[in-house]
Amino acid sequence: MEYKFAEIEPKWQRYWEENKTFKTVDDYSKPKYYILDMFPYPSGAGLHVGHPEGYTATDILSRYKRMKGFNVLHPMGYDAFGLPAEQYAIQTGTHPAITTQKNCDNFRRQIKAIGLSYDWDREINTTDPKYFKWTQWIFKKLYDTYFDEEQQKGRPISELVIPEAVKVQGEEAVKTYISEKRLAYYDNAQVWWCDSCKTVCANEEVLTDGSHEKCGHQVVRKNLKQWLLRIPHYGERLLSGLEGVDWPEGVKDMQRNWIGKSTGAEVDFRIDGLDKNLRVYTTRPDTLFGATYMVIAPEHALVNEITTDEQRSSVEAYIKAAALKSDLDRTDLAKEKTGVFTGRYAVNPVNKELIPIWVADYVLMGYGTGAIMAVPAHDTRDFEFAKEFNIPVICILDPKNAENRDEVLAGDACWTEDGEYIRSASAETGLDINGLNKTAGIDKTVAWLEENGLGKATVNFKLRDWLFSRQRYWGEPFPVIHWEDGEVTLVEDENLPLQLPELEEYKPSESGESPLANAGDWLTVTDKNGRKGRRETNTMPQWAGSCWYYLRYIDPNNEDSIFDGKKEQYWMPVDLYVGGAEHAVLHLLYSRFWHKVLFDLGVVSTDEPFQKLFNQGMILAFAYETSTGAKVASDLVEEKDGKYFHTETGEELRQIVAKMSKSLKNVVNPDDVIERYGADSLRLYEMFMGPLDERKPWAENGVKGVFNFLARAYRFFANTENIVEGEEDKEVAKLLHQTIKKVAFDIENLKFNTGIAALMMFNNLAIKKGKVTKATARTFAKILSPYAPHMGEELWSMYGDTETLAYEPWPEVDESLLQEATYEYPVSFNGKTRFKIELPVDMPKEEIEKTVLADERCAKWMEGKTVRKFIFVPKKIINIAIG
RNA sequence: GCCCGGGUGGCGGAAUUGGUAGACGCGCUGGAUUCAAAAUCCAGUUCUGGCAACGGAGUGCGGGUUCGAUUCCCGCCCCGGGUACCA
């Protein structure tokens with residue numbers, strides 16, 4: 001009964017494929033369950049063992065849900081646009097479509113070898129024109145949608161009401177008004193440019209150190225005409241939508257953080273000597289009495305006007321220096337605050353005092369109004385700045401019981417917490433908040449500002465417009481034509497998809513334009529009136545295709561519409577979405593944004609796309625390095641007494657745990673694992689390593705462990721001599737039902753590691769007993785099958801069944817078998833367990849107490865002590881407090 | 001700095017949420033089988049004292065609540081992820 005996985009596994013994979021075992025039909029009579037994996041980018045390197053972690057988890061759940069009677073949608077596809085294929089094309093001239101095709105084929109082969117139960121008839125590929133036709137279609141929808149603030153809802157642009165004041169200004173003004181409302185717009189934007197990738201990238205793709213997350217090169221600022229999406233309009237909705245979904249709190253927090261909602265007020269300060277106001281945004285209008293200076297960003301539109309002639313040269317020098325600094329220098333490394341006085345003063349609206357206006361780069365033009373009122377006593381940044389330039393610090397909030405109260409009151413320390421206002425009243429303006437606390441102070445000040453027309457309550461978001469175009473070839477072309485007269489039109493629906501042209505050269509043009517700028521015939525269009533136009537040469541970012549792919553799986557071959565509405569209503573939302581935490585913000589926020597727009601337009605039926613989200617932890621691997629730090633491939637390492645040596649040089653090596661990467665020579669390929677141990681062992685180990693959401697290192701020995709389990713189980717359960725007729729042994733029957741219960745519970749709670757442990761325990765008992773009934777063996781095959789489907793099917797067929805067990809009902813738990821007449825109670829004294837005693841579960845407390853205290857083993861621990869309290873918790877513990 | 005996670009045997013990790021700490025697996029030790037090895041099977045394996053019976057200590061550190069704390073509370077330390085002058 002040798003466990004010949006290399007024969008068993010391909011056999012069943014062929015069976016599933018030929019019988020389309022996992023084809024999903026739209027059977028609306030069954031309850032549905034939509035289980036989604038984050039689809040991969042098909043890189044040339046193929047899968048590593050990190051990919052199948054999430055895939056295996058969702059596969060186990062899918063198989064389990066099918067057995068529980070659910071109609072399961074479990075699809076797979078490829079996020080196949082992207083730079084690597086294009087870079088390869090530049091180097092070799094191979095069309096990216098060919099490279100992509102090859103990589104997808106390899107991914108599919110690898111995935112199929114793991115025995116995952118996807119419905120392959122629903123496979124999608126973002127680079128397929130039949131797919132990106134609808135990506136382009138959604139873009140058009142975004143272009144033709146505006147956000148109605150009042151209804152908090154996206155609406156067709158045709159429903160936009162043009163104010164009379166705009167109408168009277170003429171047609172151009174109306175056009176501008178409309179274009180300023182569209183969710184997608186084309187405009188000059190200051191963007192990040194990566195000179196290595198020859199493309200712009202979104203703010204989010206730039207790391208904190210100023211490097212491009214894709215390639216690691218430093219990015220620079222550029223001004224370019226680009227497509228942008230007004231995602232901040234959905235800030236409030238994206239925030240509130242998080243309340244109703246079952247996502248890890250950490251991911252929700254990260255999204256909230258990214259959206260960065262803050263409430264405060266805009267306040268107008270009169271500029272002394274100019275007939276102008278300086279508007280600031282502050283979250284602390286209550287601290288207006290403590291404002292001792294103002295700051296405007298170097299890029300602020302009023303800098304020139306505000307600066308006095310005496311100060312002009314130093315201000316200009318400062319602005320120039322600030323412009324030269326990279327954002328990196330301006331933010332991260334700039335510990336010391338810099339700035340320069342403009343020579344001008346502003347009038348504090350609450351007390352009419354004059355305060356100086358400075359220019360400093362710690363104020364960013366992109367947030368709020370690009371100008372602030374500075375309250376050094378109650379804001380740490382302002383405090384640092386004030387100390388640097390000897391600006392007065394006026395404490396207006398008494399911290400009362402704080403340790404450093406005296407320092408704070410004297411202006412020698414900064415206080416950002418609550419307290420009681422002092423020095424916060426002005427007879428001249430009539431505002432008085434002395435004695436109030438923070439919330440009351442804010443409310444009263446805002447009300448006062450609004451009454452006097454000096455400001456108003458305002459909400460601000462950190463979230464910025466989403467830069468949505470790239471200067472690349474291998475992406476979705478925008479269905480957009482720029483006409484010679486300046487008009488911009490979209491390609492009609494019937495002419496979608498707008499396909500990519502064939503090119504000789506994939507290099508970006510010298511001007512920094514996309515390679516599409518070289519696509520002669522494709523590029524220029526002429527309308528029926530002879531007007532000439534040029535197609536948009538930018539393409540969409542990789543996010544575009546992944547923003548909505550989960551919707552296309554529902555109806556992947558529909559040529560007439562994006563999907564059938566009935567099908568969408570049945571399948572949505574996604575019940576469980578599993579993928580890496582690296583997509584916590586970008587992909588998931590973008591997807592939610594598009595989904596909400598589609599929801600507002602009535603295209604989809606749910607407000608949120610993903611009901612439950614789960615992040616699998618990263619799989620790490622051991623790596624080995626010499627004393628000089630040179631990396632050594634794992635197969636050149638041998639272990640002796642807990643130390644590691646180079647097999648060839650004998651040099652002692654250091655073991656480290658790290659992300660799998662080529663440079664560390666520690667990438668583990670699933671193909672190799674399958675060859676040595678089989679797909680079922682790979683699946684089992686992926687799950688047995690530890691909790692799904694934690695990071696954990698891959699260890700070959702662990703694979704051996706689960707392989708041993710499968711081989712042991714096979715040797716026992718495939719041996720007909722061990723499978724008997726008749727009544728099952730009590731102990732076996734009981735553990736079997738405990739195991740059914742435990743395995744089901746663990747699958748539903750995504751605790752796969754402990755479910756496997758339960759299966760192992762049952763296997764150990766069966767082997768110890770030497771025989772089980774056929775009914776038991778069949779049940780074991782069923783509950784093992786979500787984890788190890790090949791072996792499950794193999795055993796199932798051995799027991800005489802000719803159909804797949806994929807749709808066999810999950811075994812019922814016989815609770816009566818789990819009832820126990822007695823329980824072995826641990827008896828502890830003052831919390832320390834001393835001995836065990838078996839007692840009937842229905843014995844009343846009084847009798848238990850009598851029996852236990854009468855036990856001779858008690859005497860030793862109670863010698864010379866008295867029982868203070870006798871604690872009895874049924875089916876848990878007995879604890880005797882003595883003293 | 002701030003916001004999330006997480007610290008349990010030699011290792012990966014259990015403990016169904018306040019009730020027998022260390023399930024299951026790896027590794028290791030001893031034994032069986034074998035001419036021998038691999039494979040397989042059996043037994044042991046938190047540390048510590050003891051031949052043993054049997055004790056003592058123990059879930060990052062220090063306090064606290066409780067009959068009882070890996071679990072709850074307070075104060076720290078370390079590791080990982082996110083974010084960073086957002087007014």
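**Exercise 1. A small sheet and its edges**

Which residue in β23 does Val 525 stand opposite? Work out how the strands of this sheet are arranged, keeping in mind that you are looking at a predicted model.

*Solution.*
- Step 1. Find Val 525 and look across to β23, where Gly 533 stands opposite.
- Step 2. Now take in the two strands: β22 and β23 (residues 532-535) run antiparallel and are joined by three bridges.
- Step 3. Widen the view to the open sheet, whose four strands come in the order β21-β20-β23-β22 with antiparallel pairing.
- Step 4. Look at the ends of that order. β21 (488-490) and β22 (524-526) each have a single partner strand, so one side of each has no neighbour in the sheet.
- Step 5. From one strand to the next, the twist averages 35°.

**Exercise 2. Another open sheet**

Which strands stand at the edges of the sheet β8-β7-β9-β19?

*Solution.*
- Step 1. Write down the order β8-β7-β9-β19, an open sheet of four strands with antiparallel pairing.
- Step 2. The edge strands are β8 (199-201) and β19 (466-467); each has a single partner strand, so one side of each is left free of a neighbour in the sheet.
- Step 3. Follow β19 to its partner: β9 (residues 219-229) pairs with β19 in the antiparallel sense over two bridges.
- Step 4. Check this at residue level, where Leu 228 stands opposite Leu 467 in β19.

**Exercise 3. One strand, two directions**

Does β34 run parallel or antiparallel to β35, and parallel or antiparallel to β37?

*Solution.*
- Step 1. Begin with β34 (residues 822-829) and β35, which run antiparallel and are joined by eight bridges.
- Step 2. These strands form a hairpin with two residues between them, and Asn 830 there takes a positive phi near 50°.
- Step 3. Turn to β37, which runs parallel to β34 and is joined to β34 by three bridges.
- Step 4. Use Ser 828 as a marker: Ser 828 stands opposite Thr 833 in β35, and the bridge partner of Ser 828 in β37 is Asn 879.

**Exercise 4. The surface near the RNA**

Which element gives the most residues to the surface near RNA strand B? Then describe the contacts made there.

*Solution.*
- Step 1. Several elements supply at least two residues each, including α9 (249-259), β11 (277-282), α23 (700-717) and β36 (867-873). The one that gives the most is α25, with six residues.
- Step 2. Sort the residues of this surface by type: 21 are nonpolar, 15 polar and 18 charged.
- Step 3. Pick out the residues that come nearest: of the 54 around the strand, they are Thr 283, Lys 337, Tyr 367, Arg 381 and Lys 860.
- Step 4. Turn to the RNA side. Of its atoms within 4 Å of the protein, 67% belong to sugar or phosphate and the rest to bases.
- Step 5. Look at single contacts. An N or O atom in the side chain of Tyr 367 is 2.2 Å from a phosphate oxygen, and a polar side-chain atom of Ser 262 lies 3.4 Å from a phosphate oxygen. A polar backbone atom of Tyr 362 is 2.7 Å from a sugar or linking oxygen.

**Exercise 5. A stacked pair**

What does the aromatic pair of Phe 39 and Tyr 549 tie together?

*Solution.*
- Step 1. A search of the whole structure finds 54 aromatic pairs.
- Step 2. Among them, Phe 39 and Tyr 549 are stacked, at 3.6 Å centre to centre with 5° between the planes.
- Step 3. Phe 39 lies in the loop between β1 (32-37) and α2 (51-67), and Tyr 549 in helix α18 (residues 549-552), so the pair ties together parts 510 residues apart in sequence.

Note on methods. Residues numbered from 1 in each chain as written. Chains lettered and ligands numbered in written order. Predicted model: local features only at pLDDT ≥ 70, side-chain atom pairs only at ≥ 80, totals over all residues. Heavy atoms only, no water. Pairing = 2+ DSSP bridges. Axes fitted to C-alpha atoms, helices over the stretch in contact; angles between N-to-C directions. Near = heavy atom within 4 Å. Polar contact = N/O pair within 3.5 Å; in protein donor to acceptor, adjacent residues only side chain to side chain. Nonpolar A, V, L, I, M, F, W, Y, C, P; charged D, E, K, R; others polar. Phe/Tyr/Trp six-rings, centres within 6.5 Å; stacked < 30°, edge-to-face > 60°.
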